[in-house]
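Biologist: Could you take a close look at one part of this model for me, the strands and the helices around them? I work with coordinates every day, so please spell out the cut-offs as you go.

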There are 4 protein chains.
Amino acid sequence: MRIGLFTSGGDAPGMNACVRAVVRTAGAYNCEVVGICRGYRGLLEENFFTDLDRREIMSLRSVSGITKLGGTMLHTSRCPEMHTEEGLRKAAAILEKHGIDCLIPIGGDGTFRGAEELCDHWGGKVVGCPGTIDNDLIGTDFTIGFKTAVETAVSAVDKIRDTAESHERMFLIEVMGRHSGYIGLFTAIAAGAEIVAIPETLEGIDEIVAQLHEIKDRGKKSVMMVVSEGDDLGDAHKIDEALKKAGNPFPTRVVKLGHLQRGGSPTADDRILGSYLGHAAVLGLLEGRTQVMAGRVDGRLVYTPFTETYDRHKPVPREMIDLLKHLAR
Amino acid sequence: MRIGLFTSGGDAPGMNACVRAVVRTAGAYNCEVVGICRGYRGLLEENFFTDLDRREIMSLRSVSGITKLGGTMLHTSRCPEMHTEEGLRKAAAILEKHGIDCLIPIGGDGTFRGAEELCDHWGGKVVGCPGTIDNDLIGTDFTIGFKTAVETAVSAVDKIRDTAESHERMFLIEVMGRHSGYIGLFTAIAAGAEIVAIPETLEGIDEIVAQLHEIKDRGKKSVMMVVSEGDDLGDAHKIDEALKKAGNPFPTRVVKLGHLQRGGSPTADDRILGSYLGHAAVLGLLEGRTQVMAGRVDGRLVYTPFTETYDRHKPVPREMIDLLKHLAR
Amino acid sequence: MRIGLFTSGGDAPGMNACVRAVVRTAGAYNCEVVGICRGYRGLLEENFFTDLDRREIMSLRSVSGITKLGGTMLHTSRCPEMHTEEGLRKAAAILEKHGIDCLIPIGGDGTFRGAEELCDHWGGKVVGCPGTIDNDLIGTDFTIGFKTAVETAVSAVDKIRDTAESHERMFLIEVMGRHSGYIGLFTAIAAGAEIVAIPETLEGIDEIVAQLHEIKDRGKKSVMMVVSEGDDLGDAHKIDEALKKAGNPFPTRVVKLGHLQRGGSPTADDRILGSYLGHAAVLGLLEGRTQVMAGRVDGRLVYTPFTETYDRHKPVPREMIDLLKHLAR
Amino acid sequence: MRIGLFTSGGDAPGMNACVRAVVRTAGAYNCEVVGICRGYRGLLEENFFTDLDRREIMSLRSVSGITKLGGTMLHTSRCPEMHTEEGLRKAAAILEKHGIDCLIPIGGDGTFRGAEELCDHWGGKVVGCPGTIDNDLIGTDFTIGFKTAVETAVSAVDKIRDTAESHERMFLIEVMGRHSGYIGLFTAIAAGAEIVAIPETLEGIDEIVAQLHEIKDRGKKSVMMVVSEGDDLGDAHKIDEALKKAGNPFPTRVVKLGHLQRGGSPTADDRILGSYLGHAAVLGLLEGRTQVMAGRVDGRLVYTPFTETYDRHKPVPREMIDLLKHLAR
């Protein structure tokens, strides 16, 4: 077995642990791993990873000491060409030319859609790993990178709270998650934020302002509000404006965390999850599986067909929304 | 309902989030919370928490902004007197005197044993929360504090690896967990350690030395070994000696992390788990439960009788040991 | 001697260490310290700090364990009323009423201007401490808070670099410092940024684009550019646009760090500097000094008249600009 | 000019920034840099750094992105052979063979002694950089690595304080610095420790116990004591025993930080200092200097003859000891 391994889409902390686990597990089962640089684009350009000895097969040593690194050693990119008939045929031809009969893509829904389409033109097997900070894939409780993104956001809220308390202000902190409130919700609970605005909650501006008045009446002088970039109410600046118009009793400031959340050394959890799923992807291929994503659900390994992973919206857990409501006062 | 709330045993990061969740959830259901300082000892000494306004009932405000703090705002201690008939009677009398009809103890097996014994002398209800870094309680996948302890240990291994690589040495890093290899195993996987010695693994000194020779032969120049303080082979210094005698090919150094692992701001996960279980403990009391611990198993809330939580040894997951074996090369 | 102590203007990490040093040093010389909350506004509102025992004099214990906290325990605010004749008279009257004959304000140029004006209406003595992240005061090599702000910015650049390298992009990272390039310059050197745009450097858009082409030609695939919010070229988004128009060969993203830089636990340096200058302020008052700021220049304690601290622009060190030019390639 | 560059002795955070600055500055002046791996041992074994293209000259790219890394990319070791006549002759011969006419060693007093001896057998020029966490070299206010070691120690004390407060205990925390109290003293001030024991202070056990009783009488329930490993009173465990015998009123625990202090990403200050001094070393060679160390004193660049850097003990600043006495109560 000769496995093509790549990372694609937005980078996510823990991808490197996943790469290492694929290489090491493959080594234990005498499979070869070819590292494809820069995702689908690198595949189309035959841009393969070579180690110090210029060999194309990834050695056990080539992945030494990388679990602690953020980003992805294989680099990543977006590649529109892969959605064309021509691009797909070219990719299939290159895989065949290099004798690659299996693929392990690490990425999000776009990555898996691409893999799905590729399989119409190529006879190899594909098992994917969920690498995205958004945690928006069905078939795994958590995606690789999500926990680190939350940790980074929480530590930012902790820091900003120092200033909020010193100045007796309200801060709106915008976190990532265009279609999913996971990062926002988990950050808000962990950081003890008073207010959260995520795509999944329906509170309007007026309800929030009412809540802010209550908070003010209870004597609280600073407020932290976590806003998902994708909230229906608009982005943090727009929400800030709307709250002001509706009578927000607090002076406010806005902070957008942006790309800060993508990087940094992965948390222990993301390194373990990345290792676990990289290992599982190789096992899945050895068992003959294809067009599935390796995931972890309720502490158990689960393989889910690609199409099911991105078909439906993955809802944030109802009980976590309830928990936040009880605590944020 | 008037709830007595205390933390007991070793402090664990996330205990404060749990305290906050109890106070806030109780407030939402119109229950009163009395904070008992310094665990059972504080109970026997009627040492109750009072806020700035000298009131004995914990207000919503009294727990503002504490999720990010390590340690426990209610303090903790060991209390041998609670294992005597006299101590138990006295504790029961004090609870009655103050009209406390429910207890929420946050701690480990010693804490729950004490609560169990107390119930022989007192008619109130008790629902506990698992607060210990060791993760050695049945009835919850993870205890409050475990994830932070792992994170701290992993970040220490990351730092020490810089020196190990620069000097081309082997380091033995001793982590906590007298009877349980959880911290050691999770740290080793996340930090990408080459060797681990935990109570649950049976490798002898000779096997380890053989492994070290293999590693050396593959050209690796530095090695990280994680050792649980409770390993059968003895503590890190003893293991180091034994490895030396058996022909360890690497020069070594030993670092014992010790109490470093207990403190520090909790990870997002421990804050969320603490919040979730503190909330669940109040709900459990409202439903009339008693002598149980609130836990989270496979993503679901579970109440487990105290006696079952500490009766058996909680084994580290077999699959994680296997994973480590595939990766640590 | 009865010292009024307050923090004013933007909060800066290390202010708490400074507060502690004032209280502890004053205690050693049998002086009383009255904590004035929320800067000049708190003074006008007679909003004084009281400890658990409701006493107005700050006890040694009231400042225990605060060196590690970000923000300021005395809170801070802006107060336009203090620039009116009426406000100044009122402030003077309140100080007299409470028997406060000395003041230690911790803040920036605005704070010292206010103190200067106050002295026209009040006969007490004032020694200030430089507390601002901007490092824009003459009379001290570094202000309290500057080093922490740089550390925070550097750690953000480190994180974002993971993503920049993974995606082979250029990032523009906007740091604070409206009139001063200190944070930008120190961050750029420490983080190994390729390009910097600070108020003090005169490079135009075309020079920067030429540099970017050189970098690209040398085979580099990711670039970090640090931008001071006050750069003449405009803010980060505007510079990004201008670079694009002038032919920037790299795809770009912008991150504005904003208020993240104000908070967080102070670095050791800021805690030591805060302690040193708080101590020095009390000694200065004991020696009869007034209308001066305590500072540290070339390792020595220096008192500088308030007016000199903000009169001139404090230039960034020429040698640091040269250093950056040699390294950033 | 062809410069041989190496790191030697204990690794120190910031060495990589120094290496980068040497390579980049040399490049700007058209000098070649040969990286010698593993200090003097690597020199004797002709173990030179080669980049991906197998070239022996360090390219500008070979040091990209290394400022943030702990340890040293050139590795380090101890080499007793270099103190023999034979070793020195061999080293000189190898330098001549490779056309190396200048050396930049980064290390501590042992490194500079070696360089001094080497110059008796070799006609090249040597300018050194102070790379050691101990800050025990005359001729520079701070050595590269010291500030990071203090930061690491302070953050450890912060964490342990959580536990100390929760359990109402005293902790003795042993930091590095066999002959120098710098790390101990700076850590104690920054962390707000109540007691410090460093080689330079003369307090006996009885004075310390008296102080502890005072602290206890003032109602304080937890105490942090920082101990330098080289204190005359003995190491932390011995001091703990002695305090116990002399009537220490607090229950105690001991934590030895050990090698934790050596590693980790360097602080901004150490990266800047490393950059500054690496740059200065090249300039020094260009000006024809030799057998000197580049240092920074009172904000100015200073070259000090090697022999003066290690001849005398570098005393901790008296004013910092006084400061600690005023604050630690």
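Modeller: Happy to! Helices and strands here are DSSP runs, numbered from the N terminus: H or I over at least four residues for a helix, E over at least two for a strand. Residue numbers start from 1 along each chain as its sequence is written, while chains are lettered from A and ligands numbered from 1 in the order in which they are written. Bear in mind that the model is predicted, with local features needing pLDDT of at least 70 and side-chain atom pairs counted only at pLDDT 80 or more, whereas totals for chains, interfaces and linings use all residues.

Let's settle on chain B, where four strands form an open sheet in the order β6-β7-β5-β8, paired in parallel. Pairing asks for at least two DSSP bridges between two strands. At the edges sit β6 (195-197) and β8 (252-256) of chain B, each pairing on one side only. On average, neighbouring strands in this sheet are turned by 20° against each other, direction ignored. (Axes are lines fitted to C-alpha atoms, for helices over the stretch in contact, and angles between N-to-C directions run from 0 to 180 degrees.)

Zooming in on one edge, β6(B) pairs with β7 (residues 223-228) of chain B through three bridges in the parallel sense. One to look up in your viewer is B:Ala197, whose bridge partner in β7(B) is B:Val227.

Next come the helices. Helix α5 (residues 146-167) of chain B packs on the sheet, where it touches β5 (170-175), β7 and β8 of chain B. Contact means C-beta atoms, placed from the backbone, within 7 Å of each other. The direction of α5(B) makes about 165° with that of β5(B). Helix α6 (residues 182-191) of chain B lies across β5, β6 and β7 of chain B, and runs at about 165° to β7(B).

Helices with these labels turn up again between chains C and D, where 38 residues of chain C are in contact with 38 residues of chain D. On the chain C side, the elements giving two or more residues are α1 (15-28), α5 (146-167), α6 (182-191), α9 (268-286) and α11 (318-327) of chain C. Of these, α9(C) supplies the largest share, seven residues. Finally, 100% of the interface residues of chain C are also interface residues in chain D, so the copies meet through the same surface.

Note on methods
Contact = placed C-beta atoms within 7 Å.
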